[in-house]
Amino acid sequence: LNDRALSLLVEQGIAEPGDHVILTRGDHMNAHGGTNTLKILDVSEKHSQG
């Protein structure tokens, strides 16, 4: 799923290979301050191939 999201960002011109994207999420929906996961993803050439 992360790879598909990065591919979409590249397709839309928002990101390009060599960029880093920060993904945040939380386990509890509708909870204030519920973000408890942070990932730093690398955009690579494979993401520009669709």
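**Exercise 1. Determine how many helices and strands the protein chain holds and in what order they run.**

Step 1. The protein chain contains 1 helix and 2 strands; helices (H or I, at least four residues) and strands (E, at least two) are DSSP runs, numbered from the N terminus.

Step 2. Read from the N terminus, the order is α-β-β.

Step 3. The model is a predicted one, in which local features need pLDDT of at least 70 and side-chain atom pairs count only at pLDDT 80 or more, while totals for chains, interfaces and linings use all residues. Residues are numbered from 1 along each chain as its sequence is written, and side-chain values use heavy atoms, with hydrogens and water left out.

**Exercise 2. Assess the confidence of the model, for the protein chain and by element.**

Step 1. The predictor's confidence in each residue is the pLDDT, from 0 to 100. Its average over the protein chain is 87, and 88% of the residues score at least 70.

Step 2. By element, helix H1 (residues 2-11) has the highest confidence, at 94, and E2 the lowest, at a mean of 88.

**Exercise 3. Identify the residues of the largest nonpolar core and describe the surroundings of Val21.**

Step 1. Buried means under 20% relative accessible area, exposed over 50%, and partly exposed in between (1.4 Å probe, protein chains only). Of the 50 residues in the protein chain, 18% are buried.

Step 2. A nonpolar core is a set of buried Ala, Val, Leu, Ile, Met, Phe, Trp, Tyr and Cys residues joined through side-chain atoms within 4.5 Å. The largest such core has 6 residues, namely Leu6, Val10, Ala15, Val21, Leu41 and Val43.

Step 3. Val21 belongs to strand E1 (residues 20-26). Because its relative accessible area is 18%, Val21 is buried.

Step 4. Contact means heavy atoms within 4.5 Å. Not counting residues up to four places away in sequence, Val21 touches Leu6, Leu9, Lys39, Ile40, Leu41 and Val43. The C-alpha atoms of Val21 and Ile40 are 5.7 Å apart, although 19 residues separate the pair in sequence.

Step 5. With the same exclusion of residues up to four places away, Ala15 touches Leu9, Val10 and Val43.

**Exercise 4. Establish which residues form a nonpolar patch on the surface, and why Leu38 counts as exposed.**

Step 1. Patches are made of residues with over 30% relative accessible area and no salt bridge: like charges are joined within 9 Å, nonpolar side chains (Val, Leu, Ile, Met, Phe, Trp, Tyr) within 5 Å. A salt bridge is a side-chain nitrogen of Lys or Arg within 4 Å of a carboxyl oxygen of Asp or Glu.

Step 2. The nonpolar patch consists of Ile22, Leu38 and Ile40, whose accessible area together is about 340 Å²; such areas come from the Shrake-Rupley method with a 1.4 Å probe, and for residues only the protein chains shown count as cover.

Step 3. Leu38 is located in strand E2 (residues 35-42). Leu38 counts as exposed because its relative accessibility is 56%.

**Exercise 5. Locate the salt bridges and state which parts of the chain the pair Asp3 and Lys46 links.**

Step 1. The structure holds 2 salt bridges. In the pair Asp3 and Lys46, the closest N and O atoms are 3.5 Å apart. This pair links distant parts of the chain, with Asp3 in helix H1 and Lys46 in the segment after E2, 43 residues apart.

Step 2. Arg4 forms a salt bridge with Glu11, with 3.4 Å between the closest N and O atoms.

Step 3. Asp3 is partly exposed, at a relative accessible area of 39%, and Arg4 is partly exposed as well, at 43%.

**Exercise 6. Describe the environment of His47 and of Pro17.**

Step 1. His47 lies in the segment after E2. A relative accessible area of 3% is why His47 is classed as buried.

Step 2. Leaving aside neighbours within four places in sequence, His47 is in contact with Asp3, Leu6, Ser7, Val10 and Asp42.

Step 3. Pro17 occupies the loop between H1 and E1 and counts as partly exposed at 30% relative accessibility. Leaving aside neighbours within four places in sequence, Pro17 is in contact with Val43, Ser44, Glu45 and Ser48.
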